[in-house]
Amino acid sequence: MFLSEPAREALRKSQNIGILTGAGISAESGIPTFRAKDGLWSKFKPEELANIQAFMRNPKLVWEWYQYRRNIITEAEPNLGHHALAQWEQQHDNFTLITQNVDGLHARAGSQNIVELHGNILRNRCLTCGNVSEIEEVNFKGTVPLCTCGGMLRPDVVWFGEMLPPEALNAAFSAAENADIFLSVGTSALVHPAASLPEIAKSSGAFLFEINLEPTPLTPYADAFLEGPSGEILPKLLTQWQTERTK
Ligand code: OAD
């Protein structure tokens, strides 16, 4: 993998490492991204399904979309990109992994310091009593699942128009501000506030790497744009980091 001398120097000197991942890192595990043009659900925009108004209007449709995603996710396995990040964390103390993904694959790969910005699809939350439960406890048979209190259950994810969990957001901003290298991996860099994290990191002095199959709105700001699948690029970047650290 070609890396410029400034990129190698940034790896060599890195103290605080911040990472933001999006749906692209899980694409090689077989989980469809949100804005892909193909697939069963491509006639809907994520904004049209992932919001409370859509849910109240047609909870069954929104649940079908989430059940479809859940079924794929529970069958999926972490890929080489997830594993590279988990290994990287084991080898470096100040390492914060911020993810927009709700699939839990980073944790399954062994990452520990994970900031989940958009919740987790494998949990439910009751609209009435707020109780959070694991999906195993739900009896879902094509209808809308209900809480033991009788309230309607929803997936415990953040929808458009909703606040991100404040603790997670603070942890993410602080990791971005303190990072001296920051990686934006497999995200279209469109959905705020997550999309502003790489810019915050860069304006606070971090060297910004972007890994994606194609350029995004973030690419003009990236110090190094590494084009290709994250499952190939991340293991190479980890090896390069290890090499630079021995110099
Ligand atoms: P998107 O679906 O918007 O973008 C996925 C990005 O990953 C695109 O830029 C792809 O080019 C890139 N990509 C695809 N495969 C890749 C691979 N193998 N390696 C590297 N890059 C790859 O997903 P997000 O940016 O995560 O929010 O979307 C952000 C948020 O919008 C999601 O968290 C979700 C969605 O609506 C909510 O549900 C609130």
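Colleague: How many residues surround the ligand, and which are the closest?
Modeller: In this predicted model, 23 residues surround the ligand. The closest are Phe34, Arg35, Thr187, Ser188 and Asn212.

Colleague: What is the make-up of that shell by class?
Modeller: The shell has 11 polar, nine nonpolar and three charged residues.

Colleague: Which pocket does the ligand sit in?
Modeller: The largest pocket.

Colleague: Polar contacts next. What is the distance from the Ser188 side chain to the ligand?
Modeller: An N or O atom in the side chain of Ser188 is 2.6 Å from an oxygen atom of the ligand.

Colleague: And Thr187, how far is its polar side-chain atom from a ligand oxygen?
Modeller: For Thr187, that distance is 2.7 Å. His118 also takes part: a side-chain N or O atom of His118 is 2.8 Å from an oxygen atom of the ligand.

Colleague: How much of the ligand's accessible area does the protein cover?
Modeller: The protein covers 92% of it. On its own, the ligand has 800 Å² of accessible area.

Colleague: Switching to backbone. What is the phi of Ala189?
Modeller: Ala189 has a positive phi of about 55°, and it is not a glycine. Most residues other than glycine have a negative phi.

Colleague: Where does Ala189 lie?
Modeller: Ala189 is in the loop between β7 and α9. Pro193 is found in that loop too, with β7 spanning 181–185 and α9 spanning 197–203.

Colleague: Is the peptide bond from His192 to Pro193 cis or trans?
Modeller: That bond is cis, with omega near 5°. Most peptide bonds are trans.

Colleague: Salt bridges now. How many does a search of the whole structure find?
Modeller: The search finds 11. One of them pairs Arg123 with Asp156, with the closest N and O atoms 2.9 Å apart.

Colleague: Which strands hold Arg123 and Asp156?
Modeller: Arg123 is in strand β4, residues 119–126, and Asp156 is in strand β6, residues 153–157. The two residues are 33 residues apart, so the pair links distant parts of the chain.

Methods: Residues numbered from 1 in each chain as written. Predicted model: local features only at pLDDT ≥ 70, side-chain atom pairs only at ≥ 80, totals over all residues. Heavy atoms only, no water. Near = heavy atom within 4 Å. Polar contact = N/O pair within 3.5 Å; in protein donor to acceptor, adjacent residues only side chain to side chain. Areas by Shrake-Rupley, 256 points an atom, 1.4 Å probe, with all protein chains shown as cover. 1 Å grid on protein atoms, 1.4 Å probe; cavity = no way out; pocket = protein on both sides within 12 Å on 5 of 7 lines; lining within 4 Å. Sits in = over half its atoms within 2 Å of the grid points. Nonpolar A, V, L, I, M, F, W, Y, C, P; charged D, E, K, R; others polar. Salt bridge = Lys/Arg side-chain N within 4 Å of Asp/Glu carboxyl O. Helix = DSSP H or I, 4+ residues; strand = E, 2+ residues; numbered from the N terminus.
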